[in-house]
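Biologist: Take a look at this model with me, would you? I'd like to hear how each label is earned.

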Amino acid sequence: MSAVVIATAFGGPEVLEVANQGPGEPGPGEALIEVRAVGVNPIDCKVYSGAMGADPERLPLRLGSEAAGVVTLAGPGAAGPAGPIQAGDEVIAYRAPGAYAAELVVPASALVPKPDTLDWAQASGLMVTGVTAWHLLDATGVGAGDTVLIHGAAGGVGVMAVQLAVDRGASVVATASPANHDFLRGLGAIPVEYGTGLMDRVRAAAPDGVDAALDLAGTDEALDVSFVLVPDRTRIATIVSFERGLKTGIKVLGGAPGADPGTEIRDAARLELVRLAQGGKLRVVVSHSFPLAEVAQAHRIILAGHTQGKIALVP
């Protein structure tokens, strides 16, 4: 038996608790990992909030989709995108349902090598935000010579999108509160404050125009400014403003009805993210780490919506 986080009801972070469950034995094509850290994401909160349905038959709910750890047992034929998996391998697991746990059985196909350049907490937060940012940049065709406007750039996906855009040779204008401006400059972006006057500030930061925009903020302001500044609406993408995005003809990405999940793009991005992190071109910023038993506090912070980078849980 080992520790797992479950939601015993639908509601807020108060419904989360730690229970003991056996992880099970890995079957063919699976592996058992000893989890060293777990990535926390906003979607995890939606799973038990009732926003994605509140069928009591689904309770109790296991949470999480990404973790980092060490393989302790590999089933027959266990192999990931980088090759065979064996005991002792240090890995990142994604997609890994029920990742909020001390031990976890996952399909070996979900495992990629952990970069030596990342500690456990950083490694646990590489994939969900990384593949989402990769999808956003691919969908909007961001490349060398482009100027991309990233709304909500100091959050988990934004931090990744800034770095990946810079690596592609793009210039980045990044909206954030002033407290995060020095941080974003350090990632290679030109920071601007959101709020009244944003249009003028972006124009001053990008006098030659804006080629693409990524909405990670979910505000009307983000889309209104993007519609004016970006000539081609197919080069505007959102992962939050689903309803308005679908009505206005921009790229709507993610798991919402009508959105493009980008499964193949995101799966292919995993090894590229590992390569960039291993080469020192991609940082994972972890603002908070909590013991597994303090999961409710971790979720209160992420629900507040002002986290810089990622939050990790450590079993």
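**Strands, helices and two odd peptide bonds**

Modeller: Let's start with one residue pair: A213 has I236 in β15 as its bridge partner. This is a predicted model, where local features need pLDDT of at least 70, side-chain atom pairs count only at pLDDT 80 or more, and totals for chains, interfaces and linings use all residues. Residues are numbered from 1 along each chain as its sequence is written, and side-chain values use heavy atoms, leaving out hydrogens and water.

Biologist: What makes β14 and β15 a pair?

Modeller: Pairing takes at least two DSSP bridges between two strands, a strand being a DSSP run of E with at least two residues and a helix one of H or I with at least four, each numbered from the N terminus. β14 (residues 212-215) and β15 (residues 236-238) have 3 bridges, in the parallel sense, so they count as a pair.

Biologist: And which sheet order do the 6 strands follow?

Modeller: The open sheet runs β13-β12-β11-β14-β15-β16, with parallel pairing. β13 (190-193) and β16 (251-252) are at the edges with a single partner strand each, so one side of each lacks a neighbour in the sheet. Helix α4 (residues 156-167) packs on this sheet, touching β11 (147-151), β12 (171-176) and β14, and its direction makes about 165 degrees with that of β12.

Biologist: What joins β3 to β5?

Modeller: 7 bridges, with β3 (residues 30-40) and β5 (residues 67-74) running antiparallel; V71 in β5 is the bridge partner of I33. β5 is also joined to β8 (residues 90-93), antiparallel again, by 4 bridges, and there G69 has V91 as its partner.

Biologist: Why are α3 and α9 called roughly perpendicular?

Modeller: Their axes, lines fitted to C-alpha atoms over the stretch in contact with angles from 0 to 180 degrees between N-to-C directions, cross at roughly 110 degrees and come within 9 Å. Roughly perpendicular covers 65 to 115 degrees (under 35 is roughly parallel, over 145 roughly antiparallel, the rest oblique), so the label fits α3 and α9. Residues in the contact (heavy atoms within 4.5 Å) include W134 and H135 of α3 and R270 and L273 of α9.

Biologist: Where do the cis peptide bonds sit?

Modeller: One runs from L59 to P60, with omega near -10 degrees, and P60 lies in the loop between α1 (42-49) and β4 (61-62). Another joins Y94 and R95, with omega about 0 degrees; R95 is in the loop between β8 and β9 (103-107). Most peptide bonds are trans.
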